[in-house]
Amino acid sequence: MPGKIIAIGRNYVSHLAHSASLVGGDIELPKVPEPFFKTPSSVVGPNDPIVIPREAIEEGVLVEEEAELTLVIGKQCRRATQENALDFVLGVTCGNDVSARNWQRGDLSWWRAKSSDTFSPIGPYIVTGLDPDNLLLTGRINGEVIQQSGTDDLAHNCRRIIEFVSSVLTLEPGDVIMTGTPGEPGEIKRGDVVEVELEGVGVLSNPVIAEE
Ligand SMILES: O=C([O-])CC(=O)C(=O)O
Ligand SMILES: [Mg+2]
């Protein structure tokens with residue numbers, strides 16, 4: 001289980017309008033990276049089910065997938081520079097920042113919108129030695145491509161994210177950074193299969209079920 005999970009919001013221009021329409025706020029690109037936290041207890045692995053919480057079903061909450069390039073920190077890091085930031089990265093993997101939109105919009109914080117149990121699928125492999133700034137990222141629901149972008153479209157790239165986050169807090173080995181989602185994520189419902197594919201890494205696949 002990772003020590004902490006930092007996720008970056010609104011980090012692709014292509015996602016700004018979708019996010020603002022569902023979550024509120026303006027559609028300006030954040031001038032600096034916009035981190036939030038997800039809990040380690042929300043992490044699941046490849047092929048584990050994403051469980052839509054009972055209350056989300058009862059309340060008719062819209063739940064969406066979010067395909068994200070995900071970094072795994074390998075070395076303790078405080079005040080990294082853009083020049084040395086990638087020296088602290090063990091490797092990259094796929095992540096799905098599952099989001100319950102009505103709760104994201106209505107609650108004071110994103111605690112259950114982003115960190116309900118099973119809302120952070122990560123995997124299937126950590127791959128070392130890839131250039132994280134130039135990988136194709138794809139999100140699919142039931143085999144249909146819903147999101148696709150190069151990670152060269154990240155507004156704040158991985159070096160900048162690590163510089164900014166580590167100017168505030170210490171990153172530890174095993175910490176995870178989810179770098180934001182592109183385009184228009186799609187709704188996930190019980191019975192669906194969600195895939196996040198990252199070039200050079202592979203496919204993170206998770207079935208969706210409903211809590212009984
Ligand atoms: O929920 C949102 O739109 C913010 C976010 O996580 C992202 O941009 O990846
Ligand atoms: Mg996200």
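Which residue in S14 is the bridge partner of Val 51? We'll get to that in the part on the sheet, after a look at the whole model.

## The model and its annotated domain

What you have here is a predicted model. The UniProt record, an unreviewed entry, puts a "domain: Fumarylacetoacetase-like C-terminal" feature at residues 4-208. Across residues 4-208, helix makes up 16% of the chain and strand 34%. The C-alpha atoms at the two ends of that stretch sit 24 Å from each other.

## The open sheet

Now back to Val 51: its bridge partner in S14 is Ile 209. The two strands involved, S4 and strand S14 (residues 202-210), run in the parallel sense, with three bridges between them.

They belong to an open sheet of five strands, ordered S4-S14-S13-S10-S11, and the pairing is mixed. At the edges you'll find strand S4 (50-52) and strand S11 (144-150). Each of these has a single partner strand, so one side of each has no neighbour in the sheet. Going from one strand to the next, the twist averages 20°.

## The magnesium site

Ligand 2 is a magnesium ion, and its coordinating residues are Glu 66 (OE), Glu 68 (OE) and Asp 97 (OD), at 2.0 to 2.1 Å. If you want a sequence pattern for the donors, the spacing reads E-x1-E-x28-D. Glu 68 is in strand S6 (residues 67-73), while Asp 97 is in the loop between strand S7 (89-96) and strand S8 (99-100), so this pair ties together parts 29 residues apart in sequence.

Are these two donors buried or exposed? Glu 68 counts as buried, at 0% relative accessibility. Asp 97 is buried too, at 1% relative accessibility. Both calls follow because the cut-off for buried is under 20% relative accessible area.

## The cysteines

How many disulfides does the model have? The count is zero. For Cys 77, the nearest cysteine sulfur belongs to Cys 158 and is 13 Å away. A disulfide here needs two cysteine sulfur atoms within 2.5 Å, so a 13 Å gap rules that pair out. Cys 77 is also buried, with 2% relative accessibility.

Cys 94 is in no disulfide either, and its nearest cysteine sulfur is again that of Cys 158, at 13 Å. As for its surroundings, Cys 94 is buried, with a relative accessible area of 0%.

Key. Residues are numbered from 1 along each chain as its sequence is written. Chains are lettered from A and ligands numbered from 1 in the order in which they are written. This is a predicted model: local features need pLDDT of at least 70, side-chain atom pairs count only at pLDDT 80 or more; totals for chains, interfaces and linings use all residues. Side-chain values use heavy atoms; hydrogens and water are left out. UniProt positions are given in the numbering used here, feature names are shortened, and annotations may be inferred rather than shown by experiment. Helices (H or I, at least four residues) and strands (E, at least two) are DSSP runs, numbered from the N terminus. Buried means under 20% relative accessible area, exposed over 50%, partly exposed in between (1.4 Å probe, protein chains only). Donors are N, O and S atoms within 2.8 Å of the metal (3.2 Å for Na, K and Ca); water is not among the atoms, so sites may look incomplete. Two strands pair if DSSP finds at least two bridges between them. Axes are lines fitted to C-alpha atoms, for helices over the stretch in contact, and angles run from 0 to 180 degrees between N-to-C directions.
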